[in-house]
Each structure stands twice: as C-alpha cells, then as structure tokens.
Amino acid sequence: QVQLVESGGGLVQAGGSLRLSCAASGRIVVSYIMAWFRQAPGKEREFVAAISWNADNIRYADSVKGRSSISRDNAKRTVDLQMNSLKPEDTAVYYCATGTLGYPTGTAAMYPYWGQGTQVTVSA
C-alpha cells in the first residue's frame, strides 16, 4: 500500500503564495508519477499539475500555468506545489496523487493512490 499525506494548506489573501507538500510512504516506487488535483465545493475534481520521476516531463493545468511550480525530492519521497499570485478561484481542497503511470496525466482515474487533501482558502 501507498500512503500520501498533504500539508501546507491554509488561508491566504488574494495575490499571496502557498507551498503545499505531499509525503509518500509505504510501497511507493521512485518511478511513480506524482500529481496534484483540487476540488472546490460543488465542483468536480480537477487536475492541477503532474511530474515524472526525474522531472523531465511536467504538466500544468492552464488555470495555474505560470503561477505554480511542481517539484519532487525522490530521496525524501515528497512532491511540492508552489502556488503564487493566488486567486479566490483557487480555493479548494488540494489532493496529492500517485501511480505507476507511463507519463504525467491529468486524468484522475489513472491514479490509484490519493491523500486525504489539504484545504486552501484564498480570500478576496
């Protein structure tokens, strides 16, 4: 089994920054793709960013591109999401996900392992 624990969420004013972190444990393999998704109240879960094991393939959702940066530390088995210039529409629960995918994808169903999520609230 694989366990994922997110941290770093909180309340921030519009224009501010947050850095989310996800720590993986259990039977995780370094080659796993790691990703961030988010879900706002009343909305479907949506893709945010994903990164390959050696960071040579990174994808971002258009909604966060240019404002966010995903990175990973394979030695520590962590993946971070730096979010800048936050907007109220970024308010959501942010989830870390991972799986033995061949490439970073924005399709949630492709990821078998998920964390419990961390709340990000951006005030206007």
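## Arginine over the rings

Let's start with a charge above an aromatic face: R45 lies over the face of W114, at 4.7 Å from the ring centre. The charged end of R45 also sits over the ring of Y95, and there the distance to the ring centre is 3.8 Å. Please keep in mind that this is a predicted model, and the values quoted here are computed from it.

## The aromatic cluster

Both rings under R45 bring us to a wider group: ring pairs link F37, F47, Y95, Y111 and W114 into a cluster. Across the structure, the count comes to 6 aromatic pairs. One of them is formed by F37 and W114, a tilted pair with 5.0 Å from centre to centre and 55° between the planes. F37 belongs to strand β4 and W114 to strand β10 (residues 113-114), so this pair ties together parts that are 77 residues apart in sequence.

How buried or exposed are the two partners? F37 has 1% relative accessibility and therefore counts as buried, since the cut-off for buried is under 20%. W114 is partly exposed, with a relative accessible area of 24%. W114 has another ring partner in Y111: that pair is edge-to-face, with centres 6.4 Å apart and 75° between the planes. Y111 itself is buried, at 3% relative accessibility.

## The nonpolar core

Y111 turns up again in the largest nonpolar core, which has 35 residues. Y111 is among the residues with the most contacts inside this core, together with M34, W36, V79, L81, M83 and Y94. Which elements give two or more residues to the core? They are β1, β3, β4 (33-39), β5 (46-51), β8, β9 (92-99) and β11 (118-123).

## Strands β1, β3 and β8

Three of the strands that feed the core can be followed through their pairing. Strand β1 (residues 2-7) runs antiparallel to strand β3 (residues 18-26), and 6 bridges join the two. Within that pairing, V2 stands opposite G26 of β3. Strand β3 also pairs with strand β8 (residues 78-83), again in the antiparallel sense and over 6 bridges. Here R19 has Q82 of β8 as its bridge partner. As a general reminder, side chains in a regular strand alternate between the two faces of the sheet.

T78 is a good residue to look at in strand β8. With 18% relative accessibility, T78 counts as buried, because the limit is under 20%. Leaving out residues up to four places away in sequence, T78 touches S21, C22, A23, S71, R72 and D73.

## The disulfide

One of the residues that T78 touches is C22, and this cysteine takes part in a covalent link. The structure holds 1 disulfide, which joins C22 to C96 with an S to S distance of 2.2 Å. The link of C22 and C96 is left-handed, with -80° about the S-S bond. It connects distant parts of the chain: C22 is in strand β3 and C96 in strand β9, 74 residues apart.

Are these cysteines buried or exposed? C22 is buried, with a relative accessible area of 0%, and C96 likewise counts as buried at 0% relative accessibility.

Methods
Residues numbered from 1 in each chain as written. Predicted model: local features only at pLDDT ≥ 70, side-chain atom pairs only at ≥ 80, totals over all residues. Heavy atoms only, no water. Pairing = 2+ DSSP bridges. Helix = DSSP H or I, 4+ residues; strand = E, 2+ residues; numbered from the N terminus. Buried < 20%, exposed > 50% of the residue type's maximum accessible area, 1.4 Å probe, protein only. Contact = heavy atoms within 4.5 Å. Core = buried A, V, L, I, M, F, W, Y, C linked by side-chain atoms within 4.5 Å. Phe/Tyr/Trp six-rings, centres within 6.5 Å; stacked < 30°, edge-to-face > 60°. Lys NZ or Arg CZ within 6 Å of the ring centre and 35° of its normal. Disulfide = S-S within 2.5 Å.
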